[in-house]
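Me: Could you take a close look at the ligand site in this structure for me? I would like to know which contacts hold up at the level of single atoms, and what the surroundings are like.

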Amino acid sequence: MNFDTVCVHGAKDPHNNTGALTVPIYQSATFAHPGVGQSTGYDYVRTQNPTREPLERLVASLEGGREALAFASGMAALDATLTLLDQGDHLIASDDLYGGSVRLFDALARRAGLKTTYVDTGDLTALRAAVRPETRMAFIETPTNPMMKITDIQAARAALPERILLVVDNTFLTPHFQKPLTLGADLVLHSGTKYLAGHNDTLAGFVVTDNLELADKLRFISKTVGAPLAPFDCFLLIRSIKTLALRLEKSATNALTVAKWLANHHRVKKIFYPAFYDQKSQEIAQRQTTGLGAMISFEVDSEATAKRALEKVKLILYAESLGGVETLITYPCLQTHADLPEARRLALGINERLLRLSIGVENPEDLLADLKWALD
Ligand SMILES: *Cc1c(COP(=O)(O)O)cnc(C)c1O
């Protein structure tokens, strides 16, 4: 079956003999046993639930993986992934990352005895140089948030010793445009809150893998700390994923229109979006992705222009988050990346003139009219 068909038909309730088209919400915390030492396959919701199972199988098949685990949020998924490591282990992470991931690495993982080195993972020499004897994991965002930098996943895998787990946060492109497991990643991470849920109405997270041993460890962690996604949210995710391919195609087409328009606007000084990559990044993008995605970062001429635009937008919403049907505009320096030390933030290019758009599925003419009003 093709990807868009799997999106629509990939989640089936194996217990259904009613003909219902949807997976029901099994809103049950516990499950009765048919006899002593017997189980229906379900015991307690922290371990498994019949609404969560079809969702996990669906996400696994979309990523081309063998197992997926659904978590209560992207951060819960990342936290479980870090729990695979031991005290004293070392982690390499992309230098330009979702701010919440940096907060987890710096504030909490350090307390558990994990050390993190941030490098431009797109620079293979820098990546190789960051490897230490105790390095156990490399964590990559591609494209990065918010600077849209790209890492060649296959080349990164080849540059790292085999013992190092390669984790790719695939939130920005989703398996519709990029399948990291097929490029050598060991684990794929998602904030399902974004494109997979797609309607800015719920939190969710996923880890997907081909490695059954890692999947077992993650299931143990998830049931032990109590991080899985609740049945109702699983239902929302199954429903949303039916239109994943449609939403992403429309958002990406819109984003290309908006990016071209921004590139010609006199107040826009720089634009960070795959269609405007340098030649080397274009080549990598062409090899490892099947689309440009719908995230655009851009720098305007002054801080005043940036702030005015945030206050003037009418249709576009000034809000954190991304990946929903509504177009959102974000101010990374005050929102997603406010916790980064200033010097590091500025060195990455996340200055007071930088804005980030998550393009939704509205009519592009209305988006352009709103941006014109906000920027002129
Ligand atoms: C939002 C986001 C996260 C965190 O996910 P939550 O669902 O908000 O916990 C992680 N990585 C990226 C790239 C994100 O955009």
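Reply: Let's begin with D169: one of its polar side-chain atoms lies 2.7 Å from a nitrogen atom of the ligand. Please keep in mind that this is a predicted model. Two further side chains face oxygen atoms of the ligand. In T193, a polar side-chain atom is 2.5 Å from an oxygen atom of the ligand. For K194, an N or O atom of the side chain lies 2.7 Å from a ligand oxygen. Each of these distances falls within the 3.5 Å used for a polar contact between N or O atoms.

As for how much of the ligand is left open, the protein covers 94% of the 380 Å² of accessible area that the ligand has on its own. The ligand takes up the space of the largest pocket.

Widening the view, 13 residues surround the ligand, and those that come nearest are G74, D169, S191, T193 and K194. So D169, T193 and K194, the residues with the contacts described above, belong to that nearest group, since each is listed in it alongside G74 and S191. By character, the shell is mixed: five of its residues are nonpolar, five are polar and three are charged. Glycine is counted among the polar ones in this division, which is worth remembering when you read the polar figure, as G74 is one of the residues that come nearest to the ligand.

Note on methods:
Residues numbered from 1 in each chain as written. Predicted model: local features only at pLDDT ≥ 70, side-chain atom pairs only at ≥ 80, totals over all residues. Heavy atoms only, no water. Near = heavy atom within 4 Å. Polar contact = N/O pair within 3.5 Å; in protein donor to acceptor, adjacent residues only side chain to side chain. Areas by Shrake-Rupley, 256 points an atom, 1.4 Å probe, with all protein chains shown as cover. 1 Å grid on protein atoms, 1.4 Å probe; cavity = no way out; pocket = protein on both sides within 12 Å on 5 of 7 lines; lining within 4 Å. Sits in = over half its atoms within 2 Å of the grid points.
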